[in-house]
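Colleague: Could you take a close look at one part of this fold for me? I'm new to this, so please keep it plain and explain the terms as you go.

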Amino acid sequence: MAEPATRTAPIFLVGCQRSGTTMVRLVLDSHSSISCGPETRFLPDLRRIVGRDWERLARFGFPREDWLRRIRDFFGGVHADYAAARGKTRWADKTPLYAMSLDFVTEVFPDAQIVHLIRDGRDVVVSHRKRFGYWSAVKCVVKWPRYIRAARAVGATLPPDRYYELRYEQAVTEPEKTMRGLFEFLGEPWEDGILDYDSKQHDVAQKYTTEAEKRRAAASVTEPIYGSRVGTYRRELDPFLRLLVWVFSGPTLRALGYR
């Protein structure tokens, strides 16, 4: 079990879109101590301050570390105030896009715990097609391995108590066992009923709620977490997309143990 001090660390939940990050976000947000609010997406934009704009901003005379502190105070302050308003003591940020800039995320928040959700890229391609259209699925065969490589590269530089990989397939087929492992990593106690996130109040956009209801209806299930979407590529991936996946995503799939 992680030391209690870990419970003050911010949590960043990342992963390629359509990998189940919204589901895990709701599980996190169902914990009595953790607030996981809306996606922010703008943290990489602040990188300009200590990146391409640094030569100009350095003229103010403040060191780079001071600017990083200001970014941390601003970004973390928004989350902390939001969590406190909800009666919670710890904040998490679910923004899939941050998988591409974890080096900056961990520089701003050197104590951050990173949760990287990984799903079979073939199912991610199918989900992109269903949600965003065919062209999005075509682009996903390149995007998915890029997200995986970027997040894992930074994760390899972090100690075990800072980076955690969570497989979607395990999360939906063995939810309690898998989520217990996640909360142990976070240093948070397990709470009964935490998986029944649909019975709790969240600030989820209506589009997510509607989409989730449609998916459950299509799968003929009532539970908030279900595994019927695992392996959908076997029946829903057409020959052209299969070829693209094999060419562009194949090496990453094999490296992750997907067969």
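Modeller: Let's begin with a term: helices are DSSP runs of H or I with at least four residues, strands are runs of E with at least two, and both are numbered from the N terminus. What you see is a predicted model, where local features need pLDDT of at least 70 and side-chain atom pairs count only at pLDDT 80 or more, while totals for chains, interfaces and linings use all residues. Numbering runs from 1 along each chain as its sequence is written, and side-chain values use heavy atoms, with hydrogens and water left out.

Start at helix α6, residues 121–132. Just after α6 comes G133, with a positive phi of about 110 degrees. The expected span of a helix is 1.5 Å times one less than its number of residues. For the 12 residues of α6 that gives 16 Å, and the end C-alpha atoms are indeed 16 Å apart.

Which residues of α6 are buried (under 20% relative accessible area with a 1.4 Å probe, protein chains only; exposed is over 50%, partly exposed in between)? They are G121, R122, D123, V124, V125, V126, S127 and H128. Their cover includes α7 (134–155), α11 (233–236) and α12 (239–255), where contact means heavy atoms within 4.5 Å.

Now for some aromatic rings elsewhere. Rings of Phe, Tyr and Trp (its six-membered ring) pair if their centres lie within 6.5 Å; planes under 30 degrees apart are stacked, over 60 edge-to-face, and the rest tilted. That rule gives 13 aromatic pairs. One of them joins F75 and W91, edge-to-face, with 6.1 Å between centres and 70 degrees between planes. F75 sits in helix α4 (residues 64–85) and W91 in strand β3 (residues 90–94), so this pair ties together parts 16 residues apart in sequence. Both rings belong to buried residues: F75 has a relative accessible area of 1%, and W91 has 10%.

F75 also pairs with F109, this time tilted, at 6.0 Å centre to centre and 55 degrees between the planes. This pair links distant parts of the chain, since F109 is in the loop between α5 (102–108) and β4 (113–118), 34 residues from F75. Like F75, F109 is buried. Zoom out a little and you'll find F75, W91 and F109 in one aromatic cluster along with F12, F42, F74 and Y98.
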